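Please keep the structure open in your viewer while you read, and make each selection as it is named. The tour takes one stop after another.

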Amino acid sequence: MSSSVQPDPALRESATFDRATIAGIQRAAATGVYDIRGWGAKRRLPHFDDLLFLGASMSRYPLEGYRERCGTDVVLGDRNAKYPLHLDIPVTIAGMSFGALSAQAKEALGRGASEVGTSTTTGDGGMTPEERGQSKHLVYQYLPSRYGMNPTDLRKADAIEVVLGQGAKPGGGGMLLGQKISDRVAAMRTLPAGIDQRSACRHPDWTGPDDLAIKILELREITDWEKPVYVKIGASRTYYDVKLAVASGADVVVVDGMQGGTAATQDVFIENVGIPTLAAIPQAVQALQELGLHRKVQLIVSGGIRTGADVAKAMALGADAVAIGTAALIALGDNDPRYQAEYEALGSSAGFYDDFQDGRDPAGISTQDPELAARLDPVEGGRRLANYLRVLTLEAQTIARACGKAHLQHLEPEDLVALTIEAAAMARIPLAGTNWIPGA
Amino acid sequence: MSTDTTVLDLSTSSVRELNAELHRPAAKSYEVRHPQGAHAIAAGVDSDITVDVRGHVGYYAAGMNDGGTITVHGNAGTGVAENMMSGTVRVTGDASQSAGATAHGGLLVIEGSASMRCGISMKGVDVVVGADIGPMSAFMAQAGRLVVCGDAGADLGDSIYEARIYVRGAVASLGADCVEKEVRAEHRAELAELLAAAGLDHDPAGFRRYGSARRLYHFARGNTY
């Protein structure tokens with residue numbers, strides 16, 4: 001939050017005990033409970049910003065920016081499923097629950113995604129008719145809590161995503177605080193209204209990859225082998241997790257880096273558990289390549305995707321598609337400056353608001369309050385999201401053409417260089433102007 | 001639809017063929033022979049057919065059952081009747097871990113014993129176990145009734161929500177926020193109904209009731225264990 005008080009320039013702020021750290025200690029001392037918030041990691045991390053593309057010149061032949069074809073479509077889950085997903089663009093909408101988000105927000109996500117031919121995803125809490133009805137391609141998450149899980153909705157889904165974790169909190173369960181547990185949310189989750197809900201961190205009926213293989217077999221049997229089965233992991237031991245996910249039978253692996261968002265998690269968890277998206281992608285790609293299944297088991301990457309450049313960089317590193325969550329909410333209207341006065345009344349500011357757990361979102365997105373939720377028009381929200389998705393795609397195509405690629409999936413690590421030693425080491429690409437890949 | 005029993009033999013056909021038939025049943029009644037411990041037998045049944053499985057089954061037998069009457073004449077592996085919505089599943093022998101996990105409805109009867117995590121995260125199902133259950137059973141159990149005619153292992157009902165547990169024998173220990181509660185007339189009545197539905201002849205007066213103290217329903221200082 002911005003401050004009107006400017007400190008004396010002679011005062012020196014501690015790098016170790018900076019103002020945010022001091023405020024955190026003061027808050028902890030006053031309340032005796034840890035801070036719970038939404039959003040993903042806010043600390044500075046090696047990220048796509050630390051990579052640059054090498055545009056075509058003498059040794060590479062570029063494509064004309066507006067005229068020559070640069071394909072964007074992607075097929076997901078064609079390894080086992082009778083009906084794999086065929087998306088027009090490789091930017092998908094990540095799982096976000098009804099409960100964490102309003103029904104209007106979920107509908108808007110479905111509308112926006114469908115308008116540009118991509119998929120959206122349910123979340124912890126089940127499938128709502130609004131999002132099913134407005135989603136051309138809907139991925140149904142299969143989570144440890146199994147809130148709202150039922151075979152009827154499972155059969156309505158276009159794909160199934162078995163969630164082991166998410167980037168904001170690998171190894172952590174979920175929480176949905178009582179102020180967001182409306183009667184409808186409570187009924188979908190079979191729990192009393194108004195209580196703080198915990199979502200389990202472990203699946204209740206399988207442990208480890210051998211069991212998961214049998215679980216995936218069961219899901220395929222129940223749905224007659226029609227639907228692709230994704231496995232989503234929070235990025236931590238990504239190389240091993242991807243290998244085990246594939247061994248378990250995943251058709252698609254979703255890797256979510258620590259910049260990936262959450263609706264409610266302890267701040268200390270978000271900032272200190274997991275690895276950056278940039279570090280996770282090469283690990284995942286290496287695992288798939290060693291199995292001989294890169295591009296056969298598709299890789300979806302999420303966690304900090306904001307621009308078409310990020311999309312292109314993730315794909316150049318080996319992803320088949322990406323998923324967005326936080327950015328999609330911003331496109332719907334999250335942190336919009338027009339609600340500045342209300343953000344300030346909540347002790348925040350436009351551009352800083354992260355109290356998605358609180359249920360008082362002025363933009364009407366992360367809330368179950370009927371009056372606040374009514375502020376988001378699902379049609380208008382969907383239009384905004386579709387616009388944003390189009391821009392991401394156009395931006396990614398612009399870069400791909402400059403690299404001489406006729407399809408986004410033709411982007412490759414050779415198109416990239418890194419600006420920092422850390423990014424070079426994590427992304428396994430050379431430091432700009434050198435042939436040096438640290439650790440290679 | 002045929003009223004005769006159709007016999008499917010897993011020594012000569014696959015689980016895929018079995019389940020495909022059960023999902024679009026041409027008969028009202030099925031008998032499955034030589035299950036050989038296969039996984040996902042009769043998973044995803046969504047009509048009021050009867051399925052008798054003659055032998056032991058692997059993981060997730062009768063998974064997500066919605067309306068079927070499915071009997072395993074033998075033992076069942078992990079996750080029998082997981083996420084059941086409605087209908088009846090009966091295991092004449094013992095069941096492994098996570099029996100009835102997350103199930104929303106219907107009746108699961110295990111005539112023998114069930115291993116750990118029986119009724120984990122149950123969401124409305126009724127589970128009746130003829131003998132003992134293992135540790136961590138009814139963990140995070142949200143709704144429904146769990147009846148145990150023998151003993152219960154450690155940490156029964158840990159982090160339980162609104163499910164009700166009845167145990168006839170000894171309870172090794174109760175989990176976080178699970179407490180013993182008074183057995184009133186309405187509880188004895190529902191217990192009698194559940195025992196009758198399961199075909200078990202026990203006096204409801206011999207059971208004790210356990211449920212949530214509801215002290216963990218809100219995040220607060222000191223509510224973590």
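In what order do the elements of chain B run from the N terminus on? Before you trace them, bear in mind that this is a predicted model. Select chain B and colour it by secondary structure: from the N terminus on, the elements run β-α-β-β-β-β-β-β-β-β-β-α-β, which gives two helices and eleven strands in this chain. The radius of gyration of chain B is 18 Å, close to the 17 Å that the globule rule gives for 225 residues, so chain B is as compact as a globular protein of that length. If you turn the C-alpha trace of chain B along its principal axes, you will find that it spans about 55 × 35 × 25 Å.

Next, show chain A beside chain B and select the residues at which the two chains touch, where chain A contributes 21 residues and chain B contributes 38 residues. On the side of chain A, the largest share comes from helix 6, with five residues. Sorted by class, the side of chain A that touches chain B has eleven nonpolar, four polar and six charged residues.

Stay with helix 6 of chain A, residues 208-222, and add the strands that it lies across, which are strand 7 (137-142), strand 8 (159-163) and strand 11 of chain A; the helix runs at about 145° to strand 11.

From there, widen the selection to the open sheet of eight strands in chain A, whose order is 5-15-14-12-11-8-7-6, with parallel pairing. Its edge strands are strand 5 (91-93) and strand 6 (119-121) of chain A, each of which pairs on one side only. Neighbouring strands of this sheet are turned by 30° against each other on average, direction ignored.

Within the sheet, zoom in on strand 11 (residues 229-234) and strand 12 (residues 252-256) of chain A, which run parallel and are joined by five bridges. A pair to label here is A:Lys232 and, opposite it in strand 12 of chain A, A:Val254.

For the last stop, select helix 10 (residues 308-316) and helix 14 (residues 378-402) of chain A, whose axes come within 7 Å and cross at roughly 55°. That angle makes helix 10 of chain A oblique to helix 14 of chain A, and the crossing of these two helices is right-handed. Show the side chains at the contact, among them A:Ala309 and A:Val311 of helix 10 and A:Leu392, A:Glu395 and A:Ile399 of helix 14. By class, the contact of helix 10 with helix 14 of chain A has nine nonpolar, three polar and one charged residues.

Technical notes. Residues numbered from 1 in each chain as written. Chains lettered and ligands numbered in written order. Predicted model: local features only at pLDDT ≥ 70, side-chain atom pairs only at ≥ 80, totals over all residues. Pairing = 2+ DSSP bridges. Helix = DSSP H or I, 4+ residues; strand = E, 2+ residues; numbered from the N terminus. Axes fitted to C-alpha atoms, helices over the stretch in contact; angles between N-to-C directions. Contact = placed C-beta atoms within 7 Å. Parallel < 35°, antiparallel > 145°, perpendicular 65-115°, else oblique. Left-handed = near helix turned anticlockwise from the far one by under 90°. Nonpolar A, V, L, I, M, F, W, Y, C, P; charged D, E, K, R; others polar. Rg over C-alpha atoms; globule rule 2.2 N^0.38 Å.
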